[in-house]
Amino acid sequence: MITAVDGDNGRAPGGFARRRGTASLRVGVATIWLSVIVLLPLAAILWQSVGGGWEAFYRAVTGNAALESFRVTLTISVGVTIVNAFFGLLVAWVLTRDDFPGRRLVDAVIDLPFALPTIVASLVMLALYGPASPVQLHLQHTKWGVGIALLFVTLPFVVRSVQPVLLELDREVEEAAASLGANNWTILTRIILPALLPSLLSGAGLAFSRAIGEFGSVVLIGGAVPGETEVSSQWIRTLIENDDRTGAAAISIVLLAISFVVLLILRALGARAAKREQMAG
């Protein structure tokens, strides 16, 4: 009995067709799911944001209150991202390179902000830094209070982005550099950081995106003081309470656009850094 096979590799052409059909099915299901869960809601809010026309959209996003909320949100979020990029890298380094009692417990605690409802995080911040602060540090209705709340909820993004890469780094390269006379600073800046840069940028981008859209963790500690602690998400709530859904949708679209552009830029930089590191290796 003669079986038709593919002339290049001896495999039956029917197997290739089946695999291709299965792959197409997976792609189709993934695309439909992505459309239903992500694209359709985004399209709906975009449609609502321009429901009153582009002039109304422009007025909504350029009003004094909107601009002040953008200023507060972006200023605090950028600062939080920079701080968490540094300390997130430090925490990831300690968890992967240092052995100390309770390391597994600390590793589990890192994920706590993911598990806690954000309003609980705000209650925690209020209990610690509110009027009855046990540490005598009153940060309610201040930018510092908002910043600390955002640091709390965004730290895991950097740690969990960097930690797996640190675990996979080849220690032999570091040992070889040390044997050739390189000091710790040279090893860190010339070997370790270039390898970590893509994951560090990715984690920082996720932390920034979470910070500019955060609401629950800042609602109590921040107090929504206009021009001081009122972030854009709180201004959106105010607009909804005033039955201005078009304005709320317009502010949301601006935040989405900023988040998308920042993520796109950071991932492009990360991909370029990874490619450069691969070529150097």
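Which side chains meet in a salt bridge at 2.8 Å, N to O? In this predicted model, the partners are R71 and E68. The two residues both belong to helix α3 and stand 3 residues apart, about one turn of the helix. Each is partly exposed: R71 has a relative accessible area of 35%, and E68 has a relative accessibility of 32%. Both values fall between the limits of 20% and 50% that separate buried from exposed residues, and therefore the label "partly exposed" applies to R71 and E68.

This pair belongs to a wider set of charged contacts, for the count of salt bridges comes to 7. A further one joins E214 to R210, with a distance of 2.7 Å from N to O. Here the two partners fall into separate accessibility classes. E214 has a relative accessible area of 5% and is therefore counted as buried, the cut-off being under 20%. R210, at 22% relative accessibility, counts as partly exposed.

Another salt bridge links R237 with E241, and its closest N and O atoms are 3.8 Å apart. Helix α11, which covers residues 232–241, holds both partners; they are 4 residues apart, about one turn of the helix. R237 is partly exposed, with a relative accessible area of 34%. E241 reaches 57% relative accessibility, and because the limit for exposed residues is over 50%, E241 counts as exposed. Salt bridges also connect D107, D111 and R160 in a network.

The description now turns from charged groups to the course of the chain. The UniProt record, an unreviewed entry, assigns the feature "transmembrane region" to residues 27–50, 70–96, 108–132, 144–167, 187–208 and 248–269. Two of these spans can be compared with the model. Residues 70–96 are 100% helix and 0% strand, with the C-alpha atoms at the ends 37 Å apart. Residues 248–269 are likewise 100% helix and 0% strand, and there the end C-alpha atoms lie 32 Å apart.

The nonpolar side chains can be followed both on the surface and in the interior. On the surface, a nonpolar patch of about 940 Å² is formed by I32, W33, L34, V36, I37, V38, L39, L40, L42 and L256. Helix α1, residues 13–49, makes the greatest contribution to this patch, supplying 9 residues. One member of the patch, V36, is located in helix α1. With a relative accessible area of 45%, V36 is partly exposed; this value is over the 30% required of patch residues, so V36 meets that accessibility criterion.

In the interior, the largest nonpolar core contains 17 residues, among which V162, L166, I192, L196 and L200 touch the most other members. At least two residues of this core come from each of α3 (64–97), α7 (143–168) and α9 (184–213). L166 illustrates the surroundings of one such residue. Apart from its neighbours within four places in sequence, L166 is in contact with A92, W93, T96, R97, I192 and L196. Of these contacts, I192 and L196 are also named among the core members that touch the most others. A second core, separate from the one just described, comprises 15 residues, including V80, V153, A211 and I221.

Definitions and conventions:
Residues are numbered from 1 along each chain as its sequence is written. This is a predicted model: local features need pLDDT of at least 70, side-chain atom pairs count only at pLDDT 80 or more; totals for chains, interfaces and linings use all residues. Side-chain values use heavy atoms; hydrogens and water are left out. UniProt positions are given in the numbering used here, feature names are shortened, and annotations may be inferred rather than shown by experiment. Patches are made of residues with over 30% relative accessible area and no salt bridge: like charges are joined within 9 Å, nonpolar side chains (Val, Leu, Ile, Met, Phe, Trp, Tyr) within 5 Å. Accessible areas come from the Shrake-Rupley method with a 1.4 Å probe; for residues, only the protein chains shown count as cover. A salt bridge is a side-chain nitrogen of Lys or Arg within 4 Å of a carboxyl oxygen of Asp or Glu. Buried means under 20% relative accessible area, exposed over 50%, partly exposed in between (1.4 Å probe, protein chains only). A nonpolar core is a set of buried Ala, Val, Leu, Ile, Met, Phe, Trp, Tyr and Cys residues joined through side-chain atoms within 4.5 Å. Contact means heavy atoms within 4.5 Å.
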